[in-house]
Amino acid sequence: MTIEIIPVGGWGEIGRNMTAVRVGDDVVIFDMGLHMPNYIALTDSEIGDTEKRTEAALKKADAIPRDEQIRDLRPLVRAIVVTHAHLDHIGAVPYLANKYNAPVIVTPFSASILRGIIKDEKLQMKNDIIELRPGQSTILDGGLKLEFVHITHSTPQTIMAVLHTPSGAVVYGNDYKMDMNPTLGKPVNIEQLRKLGDKGVLALIQDCLYAREQRKTPSEQVAKEMLKDVLLDVDSKGHALIVTTFASHIARLKSIAECGRALKRKTIFMGRSVAKYCYAAKEAGVADLFREAEILKYSRQIKRRLREIQVKGREKYLLVVSGHQGEPKSALAKMLSGFYAWRWSGGDHVIFSSHIIPADINRKQRAEMEEKLAALGVRMFKDIHVSGHSSREDLRDMLRLLRPRHVFPTHGEREMMNAFNSLAQEEKYQLGKTLHPLVVGERKTVE
Ligand SMILES: [Zn+2]
């Protein structure tokens with residue numbers, strides 16, 4: 001039986017993840033994501049709102065995968081499987097899925113986010129959304145078995161997708177870390193991974209974004225301690241405490257709210273995106289942040305509340321806002337521009353619970369934002385964060401647990417792929433034979 005790995009997006013580049021796997025006459029698609037910098041550039045452009053939300057406009061802007069290259073396989077697609085709710089994995093689904101006569105299979109948390117995107121962006125999607133929990137499996141149309149393996153990442157219910165084929169499992173591990181001590185949810189189930197390896201893994205498709213980092217990615221527990229260190233152990237009396245972090249990072253948001261409680265400050269999450277992710281977490285039974293924080297979705301609510309906060313006393317609140325990449329339309333940017341009529345006082349604290357996502361636009365916008373904050377005498381605490389991606393030594397552990405016959409680095413540019421290749425070679429994989437650094441447009445048959 002022919003088993004073919006087909007990169008569609010996000011191979012040799014970062015973003016717009018999409019991979020097709022062909023097993024005889026059945027094809028399964030893994031992820032359909034946005035290229036975030038290109039997507040944001042399009043969103044901020046002068047093109048009309050309806051026009052920019054079309055497949056043609058998004059493809060022209062290189063914001064979604066170019067799936068024309070698998071046009072020949074379209075009738076064979078049995079499922080579209082999305083590993084988690086980050087937009088570079090799920091965001092293109094409403095724009096591309098319609099042309100495939102297949103359901104979208106996701107965890108309950110990701111399903112809620114997908115429904116939220118469709119509603120907010122006024123999009124239409126005809127495909128069924130099938131919810132599968134981490135640890136569960138299902139039989140696809142055509143007879144192949146799909147399994148969701150629980151794994152840890154920076155958003156809840158992230159899974160490793162396992163497609164069982166007659167020649168062994170094809171494992172799609174695009175975005176995860178090996179967290180044995182997470183602050184929300186269960187640790188990585190090493191035994192389950194070992195069993196998968198014992199049964200036989202034909203191919204592992206592996207995110208190589210952090211393959212250059214010679215370390216183990218620290219647990220989310222470390223990020224929680226870093227937060228406590230700057231929020232609880234630095235004197236902020238009389239000043240504003242403003243944290244900016246990833247809206248999709250429910251575990252981090254929960255840690256921040258816990259700090260708010262310890263400080264006897266009221267925690268307020270601000271913004272549409274954070275509201276959407278908090279709602280999904282509640283709906284999926286992951287965490288109820290509505291009990292831990294006040295959540296404001298709309299700009300006009302935020303505007304009004306910020307005015308009140310300044311009257312009642314800024315030292316009574318812990319504000320969580322968007323803007324960690326310096327985005328000009330973020331709440332933090334609006335607090336700086338005067339849009340929100342926020343009067344900064346020297347000594348207010350701004351905590352960046354994030355790192356800069358390495359793209360020129362982010363570096364530039366963050367530098368501009370930091371310059372403004374510094375000029376106002378704001379105390380900044382940067383990089384209060386640990387990543388959600390595996391580093392070199394986590395990747396080595398995964399290779400040793402699964403012992404795949406073939407490995408494929410994805411989700412990285414050339415240097416990251418090269419770093420993964422050198423690691424795989426240390427683990428006795430051979431370039432071109434069992435190690436395949438493919439880019440978009442190539443296909444590889446494995447056996
Ligand atoms: Zn991710």
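Which elements cover the buried residues of α10? Keep that one in mind while you get your bearings; the tour comes back to it.

**Whole chain**

Start with everything shown as a cartoon. What you have open is a predicted model. Expect to count 15 helices and 19 strands as you rotate the protein. Lined up on the principal axes, the C-alpha atoms fill a box of roughly 70 × 45 × 35 Å. The radius of gyration is 22 Å, and a compact globule of 447 residues would come out near 22 Å, so the two agree. Colour by burial next: 50% of the 447 residues count as buried. If you like contact maps, take the contacts with a separation of 6 or more, and you'll find that residues 24 or more positions apart account for 74% of them.

**Two domains**

Now select 3-216 + 388-446 and give domain 1 a colour, then select 220-381 and give domain 2 another. Drop a pseudoatom at each C-alpha centre, and the distance between the domain centres should read 30 Å. The contact between them takes 17 residues from domain 1 and 21 residues from domain 2. On the domain 1 side, zoom to helix α6, residues 108-120, which gives the most to that surface with five residues. Sorted by class, this side of domain 1 has eight nonpolar residues, eight polar ones and one charged residue.

**Helix α10**

Back to the opening question. Select 272-283 to pick up α10, and put a distance between its end C-alpha atoms. They are 16 Å apart, and 12 residues at 1.5 Å a residue should span 16 Å, so the helix agrees with expectation. Show side chains for V274, A275, K276, Y277, C278, A280 and A281, which are buried. Their cover includes α6, α9 (250-262), β13 (266-270), β14 (294-296) and β15 (317-321). So you meet α6 again here, the helix that gives the most to domain 1's side of the domain contact. Before you leave, click on G285: just after α10, this residue takes a positive phi of about 75°.

**Helix α1 and A61**

Select 36-43 for helix α1, where M36, Y39 and L42 are the buried residues. Look down the axis of α1: these residues fall within an arc of 125°, so they line one face of the helix. To see what they pack against, add α2 (49-52), α3 (55-60) and α4 (87-90).

Stay here and click on A61, in the loop between α3 and β4 (77-81). Is A61 buried or partly exposed? With 17 C-beta neighbours inside 10 Å, A61 counts as partly exposed. Leaving aside neighbours within four places in sequence, A61 is in contact with N38, A41 and L42, and L42 is one of the buried residues of α1. For a long ruler, draw a line from A61 to R343: 282 residues apart along the chain, their C-alpha atoms are separated by 38 Å.

**Strand β11 and A203**

Last stop: select 201-207, strand β11, and pick A203 inside it. This alanine has 27 C-beta neighbours inside 10 Å, so A203 counts as buried. Which residues does A203 touch, not counting those up to four places away in sequence? Light up I5, V170, P404, R405, H406, F408 and V446 to see them. Finish with one more distance, from A203 to T434: the two are 231 residues apart along the chain, with 9.0 Å between their C-alpha atoms.

Terms used. Residues are numbered from 1 along each chain as its sequence is written. This is a predicted model: local features need pLDDT of at least 70, side-chain atom pairs count only at pLDDT 80 or more; totals for chains, interfaces and linings use all residues. Domain bounds come from an automatic or database domain assignment. Two residues are in contact if their C-beta atoms, placed from the backbone, lie within 7 Å. Helices (H or I, at least four residues) and strands (E, at least two) are DSSP runs, numbered from the N terminus. Ala, Val, Leu, Ile, Met, Phe, Trp, Tyr, Cys and Pro count as nonpolar, Asp, Glu, Lys and Arg as charged, and the others, Gly among them, as polar. The expected span of a helix is 1.5 Å times one less than its number of residues. A residue is buried if 20 or more other C-beta atoms lie within 10 Å of its own, exposed if 12 or fewer, and partly exposed in between; C-beta atoms are placed from the backbone. The radius of gyration is taken over C-alpha atoms; the globule rule is 2.2 Å times the number of residues to the power 0.38. The arc is that of the directions from the helix axis to the C-beta atoms.
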